[in-house]
Amino acid sequence: MQIKKTVLAILVTALVTSPVYASEKKSHHSKHSSKNMTNFGPGDHYAHSMKVNPAKFIKVDDISRAAGNIPAPLKRNQSKTVEINLRAVEVIGEIADRITYHYWTFNKTVPGPFLRVREGDTVELNLHNEKNSTHAHGIDLHAVTGPGGGMAVTKVEPGNSKTLSFKAKTAGLYVYHCAAGNAATHIANGMYGLILVEPKKGLSKVDHEFYVMQGELYTKVRLGKKGFQKFDSYKMINERPEYIVFNGRTGALVGDGQLQAKVGDKIRLFVGNAGVAKISSFHVIGEIFDTVYPEAALNNPHKNVQTTLIPAGGASMMEFKVDYPGNYVLVDHALTRIDRGAWGILNVTGEENHKLYSGHFDDDTESEKDAHKQH
Ligand SMILES: [Cu+2]
């Protein structure tokens, strides 16, 4: 018993005096948080409040990344070395009309760029952290095998750059995110995206591919309140987001941002969930997914699925043909979340097939009304 206690004491002492652990704790406490609160994670303390002067950051017109903004399928038959340049940029963007937020981003949008490489490629990823950033940033890509998924070699201070080299050895669709400091805080503030490692034989041909990513925003003041919103770390640790959104803000995939297709088109959705807390029950109202690659594992597709789970820090791939014109609403089917922003529109144009679907349509469907209101 005595021996066990001694071993435990040595372990605890080693942990507390470990240089990395000690320095992170110290720098964080001095900057941001109360010393009275206990936390048990290996990263910085979650308690985080900082004075932000919005005037010190660039204001972006649109924080969201367009769903169609995806590199084309790769046509190569060989592996190569791919260079990727990312910038950690803190900006002011709008969660909704006149509701602004200090977003932390990769390349000034949420989600960050859709990265596309081929199985077997060597990726050289350069990460630059802008000079005016308030924090060190870094990147953990779930496509990487190795400590921190890249984070162990990419923690970069403002004004500096770092390079990570990795072999994309396993095909799949993966989340990437910043994991510096308190990782959850950096994700909640917008630092996430998807990387597709295309299998050597490529993916099947489709007419449209779309990039959708669910995320959460933890603002101090309640949903809908106008003005500049501060981050609330207590709401984050209590897993109570005010906003749950697709592609960075409310209404990102509505109006000009809606997904567009024609009757007969085959669609592929790449859907990621940044979390940081909630599991997404992803569904498209009025559609059935012909094929789902659950958790984006490419080898075991499921057929004819209505709703698919996307874990926090996970992704899924869905394929389906659109058969009838109209608006199809993308949702997290934990449906109260649509009022927090988690919805978008897939608009399909073309001929009606009354054998497939008929009845008297409302002049203005609910979803269209909402689309106009948002826009
Ligand atoms: Cu970060």
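Let's start at one pair of residues. Ser280 stands opposite Ile310 in β18. That pairing belongs to a longer contact between strands: four bridges join β15 to β18, and the two run antiparallel. Keep in mind throughout that this is a predicted model.

Now step across β15 to its other partner. Strand β15, residues 280–285, is joined to strand β20, residues 326–332, by four bridges. Again the sense is antiparallel. Here Ile285 stands opposite Val329 in β20. Stay on Val329 for a moment. In β21, its bridge partner is Ile345. So much for the residues; now the strands. β20 and β21, the latter covering residues 343–349, pair over six bridges, antiparallel once more.

Put these strands together. What is the strand order in this open sheet of five? It reads β13-β21-β20-β15-β18, and the pairing is mixed. The edges are β13, residues 259–262, and β18, residues 307–310. Each has a single partner strand, so one side of each is left without a neighbour in the sheet. The twist averages 20° from one strand to the next.

On to another sheet. This one has six strands and is also open. The order is β12-β10-β14-β19-β16-β17, with mixed pairing. Which strands stand at the edges? They are β12, at 243–246, and β17, at 302–305. Each pairs with a single strand, so each has one side without a neighbour in the sheet. Twist here averages 25° from one strand to the next.

Look at the β12 end. β10 and β12 pair over four bridges in the antiparallel sense. One of the residue pairs is Leu217 with Tyr243, the latter in β12.

Follow the chain out of β10. The loop between β10, 208–217, and β11, 227–229, holds Lys220. Is Lys220 buried or exposed? Partly exposed: the count is 14 C-beta neighbours inside 10 Å. The cut-offs make that clear, because a residue needs 20 or more to be buried and 12 or fewer to be exposed. What does Lys220 touch, leaving aside neighbours within four places in sequence? Gln229, Lys230 and Asp232. Phe231 is worth a look too. Lys220 and Phe231 are eleven residues apart in sequence, yet their C-alpha atoms are 5.8 Å apart.

Next, the interior. The largest nonpolar core has 93 residues. Those with the most contacts inside it are Tyr174, Leu194, Val212 and Phe270. The core draws at least three residues from domain 1, 54–198, and at least three from domain 2, 241–374.

Take Val212 as the example. Not counting residues up to four places away in sequence, Val212 touches Ala67, Phe246, Asn247, Leu253, Leu269, Val271, Leu330 and Gly344.

Last, confidence. The protein chain averages a pLDDT of 90, and 87% of the residues score at least 70. Two stretches need a flag. Over residues 7–30 the pLDDT is below 50. That stretch has nine contacts in the model beyond near neighbours in sequence. Residues 371–375 also stay under 50. For those, the model has ten contacts beyond four places in sequence. Where pLDDT is low, the predicted coordinates should not be read in detail.

Technical notes: Residues are numbered from 1 along each chain as its sequence is written. This is a predicted model: local features need pLDDT of at least 70, side-chain atom pairs count only at pLDDT 80 or more; totals for chains, interfaces and linings use all residues. Two residues are in contact if their C-beta atoms, placed from the backbone, lie within 7 Å. Two strands pair if DSSP finds at least two bridges between them. Axes are lines fitted to C-alpha atoms, for helices over the stretch in contact, and angles run from 0 to 180 degrees between N-to-C directions. A nonpolar core is a set of buried Ala, Val, Leu, Ile, Met, Phe, Trp, Tyr and Cys residues joined through C-beta atoms within 7 Å. Domain bounds come from an automatic or database domain assignment. pLDDT is the predictor's confidence in each residue, from 0 to 100.
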